[in-house]
Amino acid sequence: MIVVEYLKAFITGGLICVIAQILIDRTKITPGRILVLFVTLGVIVSALGLYQPLVDFGGAGATVPLPGFGHALAQGVKKGVEEYGLLGIFTGGVSATAGGITAAIVFGYLAAVFFSPKSKK
């Protein structure tokens, strides 16, 4: 049933976001460092083979947040190494995440054009 899949994705993604919010509220870790921490943990947990079961359960709730980006990087490197050997270490992660990277650049640019951002003082 599709409603159950949506519910599992919502709960999975929500729990990842709750963890991030707790880190923001209860620690002195900056949001930028939390971002790097989540992507790095996604790579590590994926390399250990523990993230794929979460993806299988939570679907987009596990692949869309930052640890999912780390998971995509790790899987891309794994596939790149299988196909191209040592060169795949450098090309696999980028090719696996090219769509997400491109979207971030395009939408960031569009947001800057339409909303004229200002630096914080």
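## Thr40 and helix 2

Thr40 is partly exposed in this predicted model, with a relative accessible area of 38%. That value places Thr40 in the middle class because buried residues fall under 20% and exposed residues over 50%. Thr40 belongs to helix 2, which spans residues 31-47.

Across a gap of 26 residues in sequence, Thr40 is paired with Leu66. The C-alpha atoms of Thr40 and Leu66 are 9.0 Å apart in space.

## The largest pocket

Helix 2 also takes part in the largest pocket, where it supplies 4 residues, the largest share of the lining. The volume of this pocket is about 180 Å³. Helix 1 (2-26) and helix 3 (51-58), like helix 2, each supply at least two residues of the lining.

Which residues line the largest pocket? They are Ile16, Ile19, Phe38, Leu41, Gly42, Val45, Leu50, Tyr51, Leu54 and Pro67. By class, 9 of the lining residues are nonpolar and 1 is polar. The polar one is Gly42, because Gly is counted among the polar residues in this classification. The lining has no charged residues.

## Gln21 and helix 1

Helix 1, one of the contributors to the pocket lining, also holds Gln21. Is Gln21 buried, partly exposed or exposed? Gln21 counts as partly exposed, at 40% relative accessibility, because the value lies between the limits of 20% and 50%.

Gln21 and Pro31 are separated by 10 residues in sequence. In space, the distance between Gln21 and Pro31 is 9.4 Å, C-alpha to C-alpha. Gln21 lies in helix 1, and residue 31 is where helix 2 begins.

## Gly92 and helix 6

Gly92 is part of helix 6, which covers residues 88-96. Its relative accessibility is 3%, and Gly92 therefore counts as buried, the cut-off for that class being under 20%.

How far apart are the C-alpha atoms of Gly92 and Leu73? They are separated by 7.5 Å, while along the chain Gly92 and Leu73 are 19 residues apart.

## Phe107 and the nonpolar patch

Phe107 is exposed. Its relative accessible area is 56%, so it passes the limit of over 50% that defines this class. Phe107 sits in helix 7, made up of residues 98-115.

Phe107 is one of the residues in a nonpolar surface patch of about 810 Å². The other members of the patch are Val106, Tyr109, Leu110, Val113, Phe114 and Phe115. Phe107 can belong to the patch because patch residues need over 30% relative accessible area, and the value for Phe107 is 56%.

## Overall fold

The protein has 7 helices and 0 strands. Along the sequence, its pattern reads α-α-α-α-α-α-α.

The chain has 121 residues, of which 23% count as buried; Gly92 is a buried residue. Taken along the principal axes, the C-alpha atoms fill a box of roughly 50 × 35 × 35 Å.

How values were computed:
Residues numbered from 1 in each chain as written. Predicted model: local features only at pLDDT ≥ 70, side-chain atom pairs only at ≥ 80, totals over all residues. Heavy atoms only, no water. Patch = residues over 30% accessible without salt bridge, like charges linked within 9 Å, V, L, I, M, F, W, Y side chains within 5 Å. Areas by Shrake-Rupley, 256 points an atom, 1.4 Å probe, with all protein chains shown as cover. Salt bridge = Lys/Arg side-chain N within 4 Å of Asp/Glu carboxyl O. Buried < 20%, exposed > 50% of the residue type's maximum accessible area, 1.4 Å probe, protein only. 1 Å grid on protein atoms, 1.4 Å probe; cavity = no way out; pocket = protein on both sides within 12 Å on 5 of 7 lines; lining within 4 Å. Points joined across faces, edges and corners; volume = space filled by probe spheres on them.
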